[in-house]
Amino acid sequence: MKRLVFFLALFFFGLALEAQTSPAPTVAQAEEFMNKAEARLAELSIKVNQATWVHDNFITEDTEALAADANDENTAVTTELVEQAKRFEGLQLPPELARKFKLLKLSLTAPAPKDPALRRELTQIAASLESDYGKGKYCRKPDDCLDITSIENIMGASRDPNELKDLWTGWHKVGVPMRQRYVRFVALSNQGAREIGFKDTGAMWRSNYDMPPEAFSADLERLWQQVRPLYLSLHAYVRSKLMQKYGPQLVPPDGPIPAHLLGNPWAQEWENIFPLLGLPENSGVDVTALLKAKNLDPKGMVKYGENFFISMGFAPLPQTFWERSLFVKPRDRDVVCHASAWDIDNKDDLRIKTCLQIRDVDFVTVHHELGHNFYQRAYKHQPFLFENGANDGFHEAIGDAIALAITPDYLHKVGLLEKVPEGDNDIPQLLQQALDRVAFLPFGLLIDQWRWKVFSGEVTPADYNKSWWDMRLKYQGVAPPVARGEADFDPGAKYHVAGNVPYMRYFLAHILEFQFYRALCQASGYTGPLHRCTFLGSKEAGAKFNKMLEMGQSKPWPDALEVLTGERQIDGGALLEYFAPLKKWLDEQNKGQKVGW
Ligand SMILES: [Zn+2]
């Protein structure tokens with residue numbers, strides 16, 4: 001979701017003058033300031049959304065320039081607006097208004113210094129880091145250059161350890177030239193954060209969770225300790241199977257797993273190595289085959305996603321969604337294929353931008369993206385600054401909670417699967433899910449643990465890469481396939497570091513989605529094992545879901561969580577319940593073997 005905004009300079013000059021000449025401001029003035037700000041922000045966000053949409057659907061030098069322009073102006077104007085809002089500090093405001101002032105202050109991901117030359121330097125560095133990543137290629141031979149999509153595909157399918165090591169090492173070269181600019185980026189962004197009252201950029205990011213930054217850090221540690229035993233069981237089982245495949249020389253039975261052998265350039269999700277784990281693949285339900293047997297086109301796949309929401313009582317998507325979305329990769333132009341959901345006018349102009357193929361992972365993606373769209377429409381009556389997820393983890397978790405309900409039972413109910421397979425397919429299915437959703441947990445956690453230390457100065461540039469690998473060892477139990485040093489900059493080989501996108505939202509979402517899912521199952525009256533639950537057609541679940549969704553960001557997130565789940569804490573209990581049969585099975589398989597590294 002995009003929320004880019006910019007203001008007319010004139011607007012600020014007007015306020016600046018007023019600030020100099022008027023006495024202490026009143027609550028009424030603060031309210032007036034905020035009303036004008038929100039009206040203007042709402043209006044301008046549409047223009048920025050349109051520019052970005054056109055760029056992403058039609059990449060040329062011209063559309064890139066237009067979109068980049070909007071970005072720079074957004075940073076300039078938001079920074080200025082936050083500055084203007086300072087005159088209301090110390091004023092006792094009603095809670096809703098105070099919340100808007102807070103959200104305004106937190107709205108920039110890379111806060112910029114007021115000095116225009118420094119601000120331009122910051123935005124230019126940010127753009128150059130992102131495009132270095134986007135243009136990144138590894139050339140195995142002069143005429144065999146691979147972009148990251150190709151590298152991901154080969155690393156997902158290849159079982160040749162030398163080829164995997166070569167690709168891993170080749171891709172990680174993309175970070176090397178970023179290092180010096182990243183150091184400068186950190187310094188400039190920290191300066192911007194300090195100018196608006198935060199200790200550093202990381203502290204500012206952590207302030208986005210309706211609690212003091214230290215309390216948020218402590219909460220994350222609690223969540224990690226809760227789910228860590230499950231991760232350790234999975235890690236030990238996968239390690240033993242990889243050792244059987246590649247030998248103890250390459251995969252030590254009691255040490256970390258080499259990061260190039262897990263089917264993914266970042267070792268962040270492991271579903272691609274399922275065939276190495278000695279269980280029947282797809283366990284009887286091959287969703288790709290079912291979709292193809294129905295002769296579905298991409299729009300037809302999206303219809304299934306929409307129908308899930310409609311069955312729960314949500315209104316159908318507007319006609320314009322079907323006319324304006326991008327469903328398939330165009331043949332004649334470059335587009336940003338990375339799937340995303342949009343709300344162009346902050347009201348009804350909902351769209352998705354995808355390059356769908358008829359296959360199981362894209363069927364899940366459809367449900368995920370529509371989760372964003374239905375959330376956006378549910379909170380469209382909120383004031384502009386509240387038109388957002390309760391926190392950024394919520395927005396990512398909505399569609400994933402629905403995607404968890406794509407069970408064999410669901411596929412049968414919607415007519416895709418003739419007969420729910422008999423017998424016990426739970427373990428293969430749960431293991432597949434765990435390779436995706438449990439394997440990700442420590443990775444989702446460590447990206448920002450590292451970045452927060454970089455922003456705070458606890459990790460200095462002299463130790464960037466060392467601390468990165470210390471954390472990957474500590475949390476994930478993985479090790480690089482070749483020696484790394486401070487000439488390397490391996491964090492830059494991950495998009496969200498190069499592109500400066502906060503990452504903790506994905507860790508939170510991977511926990512929250514199970515919490516939402518369990519609450520929806522309970523609301524629908526389901527009482528069986530959690531992992532077999534689907535709530536298709538439950539108006540009760542839909543009504544409860546909508547109650548939370550329509551709140552947007554108007555209240556602290558624990559209030560929103562409570563409406564759906566009755567709980568005020570993010571909690572890993574639902575995730576553990578979902579995977580309980582797998583945990584038991586893994587622990588039996590792991591008997592006599594070392595767990596941990
Ligand atoms: Zn998403």
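Two loop residues, a zinc site and two helix crossings

Asn 346 sits in the loop that joins strand 4 (340-343) to strand 5 (350-353). The model is a predicted one. In it, the phi of Asn 346 is near 60°, a positive value in a residue other than glycine. Asn 346 counts as buried because its relative accessibility is 5%, and the cut-off for that class is under 20%.

A positive phi also occurs at Ala 267, which is not a glycine either; the value there is about 55°. Ala 267 belongs to the loop between strand 3 (257-258) and helix 11 (287-293). Its relative accessibility is 0%, so Ala 267 counts as buried.

The zinc ion comes next. Its protein donors are His 368 through NE2, His 372 through NE2 and Glu 396 through OE, at 2.2 to 2.3 Å from the ion. Along the chain these donors follow the spacing H-x3-H-x23-E. The pair His 372 and Glu 396 links distant parts of the chain: His 372 is in helix 14 (residues 360-378), Glu 396 is in helix 15 (residues 392-403), and 24 residues separate them. Are His 372 and Glu 396 buried or exposed? Both of them are buried.

Helix 14 also packs against helix 12 (residues 298-311), with the axes 9 Å apart and an angle of about 50° between them. That angle makes helix 12 oblique to helix 14, because it falls neither under 35 degrees nor in the range from 65 to 115. The crossing of helix 12 past helix 14 is right-handed. On the side of helix 12, the contact is made by Met 301, Val 302, Tyr 304, Gly 305, Glu 306, Phe 308 and Phe 309. Helix 14 contributes Asp 362, Phe 363, Val 366, His 367, Leu 370, Gly 371 and Phe 374. Sorted by class, this contact of helix 12 with helix 14 has nine nonpolar, three polar and two charged residues.

A second helix pair lies elsewhere in the chain, between helix 2 (residues 27-57) and helix 4 (residues 95-105). Their axes come within 11 Å and cross at roughly 50°, which makes helix 2 oblique to helix 4. Helix 2 passes helix 4 in a left-handed crossing. From helix 2, the residues in contact are Val 27, Ala 30, Glu 31, Phe 33, Met 34, Glu 38 and Leu 41. From helix 4 they are Leu 97, Lys 100, Phe 101 and Leu 104. By class, the contact of helix 2 with helix 4 has eight nonpolar and three charged residues, and no polar ones.

Two single residues in other helices complete the walk. Arg 518 is placed in helix 21 (residues 504-523). With a relative accessible area of 16%, Arg 518 is buried. Which residues does Arg 518 touch, not counting those up to four places away in sequence? They are Leu 530, Glu 567, Gly 573, Ala 574 and Glu 577.

Lys 241 is part of helix 10 (residues 213-246). Leaving out residues up to four places away in sequence, Lys 241 touches Leu 276 and Leu 277. Between Lys 241 and Leu 536 there are 37 Å in space, C-alpha to C-alpha, and the two are 295 residues apart in sequence.

Methods. Residues are numbered from 1 along each chain as its sequence is written. This is a predicted model: local features need pLDDT of at least 70, side-chain atom pairs count only at pLDDT 80 or more; totals for chains, interfaces and linings use all residues. Side-chain values use heavy atoms; hydrogens and water are left out. Donors are N, O and S atoms within 2.8 Å of the metal (3.2 Å for Na, K and Ca); water is not among the atoms, so sites may look incomplete. Helices (H or I, at least four residues) and strands (E, at least two) are DSSP runs, numbered from the N terminus. Buried means under 20% relative accessible area, exposed over 50%, partly exposed in between (1.4 Å probe, protein chains only). Axes are lines fitted to C-alpha atoms, for helices over the stretch in contact, and angles run from 0 to 180 degrees between N-to-C directions. Angles under 35 degrees count as roughly parallel, over 145 as roughly antiparallel, 65 to 115 as roughly perpendicular and the rest as oblique. A crossing is left-handed if the near helix is turned anticlockwise from the far one by less than a right angle, and right-handed if clockwise. Contact means heavy atoms within 4.5 Å. Ala, Val, Leu, Ile, Met, Phe, Trp, Tyr, Cys and Pro count as nonpolar, Asp, Glu, Lys and Arg as charged, and the others, Gly among them, as polar.
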